[in-house]
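This briefing goes through selected features of one model, grouped by topic. Please read each group of points alongside the sequence and the coordinates.

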Amino acid sequence: MKHIFLLINYISLFISSSYAQAKRDFVPFINQSHPWVERTFQQLTPRERIAQLLLIRAHTDRGPRYVDSVGRIVRQEKLGGLVVFQGGPVRHANMFNRYQKDSKVPLLVTFDGEWGLGMRLADSTTSFPYQMTLGAIQRNELLYDMGKQVAKDFLRLGMHFNFAPVVDINNNPKNPVINFRSFGDNKENVTQKAKAYMDGMVAGGIVASLKHFPGHGDTDVDSHHDLPQLDFSKKRLDELEIFPFRELIRAGAPAIMVAHMHIPSLDDTPNIPSSISKKVVTDLLRNELGFQGLAVTDAMDMKGVTKFFPNGRADVMAIEAGNDLLEISENSGRAIQMIEQAVKNGSIKQADIDRRVKKVLATKYWLGLDKYQPVSTKNLYNDLNSTASRQLVQRLAEASITVLRSQRAINSFNRGRPTLVVSVGVNKPQALEEVIASRVRGIMQLYVANNEAPERLQEIMMEARKYGQVILAIHDARSRPQSTLPLSEDVIEFIDKVTNKNTITIVHANPYTLNGIDVSQSGSIILAYQNEAFMQRAAAKVLFKDIRSEGKLPVTISRKFKFGAGM
């Protein structure tokens, strides 16, 4: 059996290797000359060449008028591509087909899919675990498999370019914008996980883009709403924030998104965001780090860039800085006109524009868009919600589950003994509670609201004393797992009191929440990172010893729970 397993692995690796070789290395490819690129370039006017560098926002959840209005802009301005947001898969496919049919040059369709299509199409496509959850996994080949599946889903829907993975090192637990989107706070682990995910997507045939250069992990400001300032030395940035970018550039990173952050040690121009700084994009990213792939800005309608550089000025500066693609200008027509004027007055060289346009066209050629085929909507929903995807999600979830403190309470858990299940943060059975109810005889199920009345908490405490076996399930039912739980002081005190050596605590929340609650007296702590059903099913498997936990903490939470902890 072992020999068969090794043979299957070998065949799988051979197929992956053959596929990767069939898709030529991206960075060298886009910097070479290709007949299709040259022919297409020659057919474009100077204005149309500039338009190839712009990506416009596209939705299908805002009604037909919005879809029509974007279509008019794409057609009139002959833009290079789309940045796709919410809607439905069939509506998206129809929109892509329509826009592509009307485009002089095939459109580059981009998307923020850090956890797959479900990041924007949550109700109709597969969501993979968040990157913080993935950071706990010890088998990086699973992330490679995820990357390949994400690529397959993208191509099935008619998309080509994923703004992922996030390689920001989240060493600020209060980070309001990165946080659970990061693989963790250890630079080596972040780099290894990002490489596996990146390699899987590229092998699957799409472009992966690292973000957010030069590192958005240690900020307390969301650049969507304001301009973060990083007052770190160049030495600190080199050793920490820039580390994953440097290593992954050496590994062939296809694209890098540049963030809107003010970093005086890199450019002391007052209030200049890194995304439009020549010292950051050209001097640091291009010249010092040697990056020759695609440099793309973060969205140019974010307050982090428009606050101090409004009215299209930032669009021109982004091109002057050395970016290849501008994501979501506030006004693409104005941006093209202003960039065209900057070429005429000499602040931007025509040769620089031409070189970048050819890189964008070569990207489209690498993707096979010279032979573009419309997206078929037949069986689209089923294809994007395949059994293989669901099984992979479950494998990733199971590989991430982390047991803290001790296995003792799990090892001694007896399904035949009376068991009290106390669920905090929900008021009805979730996937976890349903599994427990189906496998444990004689359970008592009680629910604790986030702001439960003190009298009720006292009643539950009295009930808990009657049981020699207690499961405390803590759920964060919010759509995104934040660093703190929305619990009253009374509930926080209750959690501290109800945990003891006979308690198995299961936490379906951001790992940083362990800073705000004390469950350290529990016999065993099962950390499940997210509240999704696939994580709850995985946690239940660990509880019932169907599988043994493999996950390790991807961040340092406290002195008690440090990076790498896990039984």
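In this predicted model, K307 has a relative accessible area of 44% and therefore counts as partly exposed, since that class lies between the 20% limit for buried and the 50% limit for exposed residues. K307 forms a salt bridge with D226, and the closest N and O atoms of the two are 3.0 Å apart. The points below begin with this pair and then turn to other salt bridges, to a sheet, and to one threonine.

**The pair D226 and K307**

- D226 belongs to the loop between β5 and α10, whereas K307 belongs to the loop between α13 (303-306) and α14 (313-321), so the salt bridge ties together parts that are 81 residues apart in sequence.
- D226 is itself partly exposed, its relative accessible area being 28%.

**Other salt bridges**

- A search of the whole structure gives 33 salt bridges.
- One of them joins D218 to R236, with 3.0 Å between the closest N and O atoms; because D218 lies in the loop between β5 (207-213) and α10 (234-239) while R236 lies in helix α10, this pair ties together parts that are 18 residues apart in sequence.
- Both residues of that pair have values in the partly exposed class, with a relative accessible area of 21% for D218 and of 24% for R236.
- A salt bridge within a helix is formed by the side chains of R250 and E247, at 3.0 Å from N to O; these residues are three apart in helix α11 (residues 243-250), which means that about one helical turn separates them.
- In this helical pair R250 is exposed, at 63% relative accessibility, whereas E247 is partly exposed, at 27%.
- Shared partners also link salt bridges into one network, which is made up of D112, E114, R120, R181 and K211.

**The six-stranded sheet**

- Six strands form an open sheet with mixed pairing, and their order is β9-β14-β13-β12-β10-β11.
- The edges of this sheet are taken by β9 (402-404) and β11 (443-448), each of which has a single partner strand, so that one side of each is left without a neighbour in the sheet.
- On average, and with direction ignored, neighbouring strands of the sheet are turned by 20 degrees against each other.
- Strand β12 (residues 470-475) pairs with strand β13 (residues 503-508) in the parallel sense, over six bridges, and within this pairing A473 stands opposite I506 in β13.
- Helix α21 (residues 454-464) packs on the sheet and touches β10 (419-424), β11 and β12, while its direction makes about 155 degrees with that of β11.

**T499 and its surroundings**

- T499 is located in the loop between α22 (489-498) and β13, and T499 is buried, with a relative accessible area of 5%.
- Two backbone oxygens lie within reach of polar contacts from this residue: the side chain of T499 reaches that of I495 at 3.2 Å, and a polar atom of the T499 side chain lies 3.1 Å from that of D496.
- When residues up to four places away in sequence are not counted, T499 touches L472, T505, D518, V519, Q521 and S522; among these contacts, L472 falls within the residue range of β12 and T505 within that of β13.

Notes. Residues numbered from 1 in each chain as written. Predicted model: local features only at pLDDT ≥ 70, side-chain atom pairs only at ≥ 80, totals over all residues. Heavy atoms only, no water. Pairing = 2+ DSSP bridges. Helix = DSSP H or I, 4+ residues; strand = E, 2+ residues; numbered from the N terminus. Axes fitted to C-alpha atoms, helices over the stretch in contact; angles between N-to-C directions. Contact = heavy atoms within 4.5 Å. Salt bridge = Lys/Arg side-chain N within 4 Å of Asp/Glu carboxyl O. Buried < 20%, exposed > 50% of the residue type's maximum accessible area, 1.4 Å probe, protein only. Polar contact = N/O pair within 3.5 Å; in protein donor to acceptor, adjacent residues only side chain to side chain.
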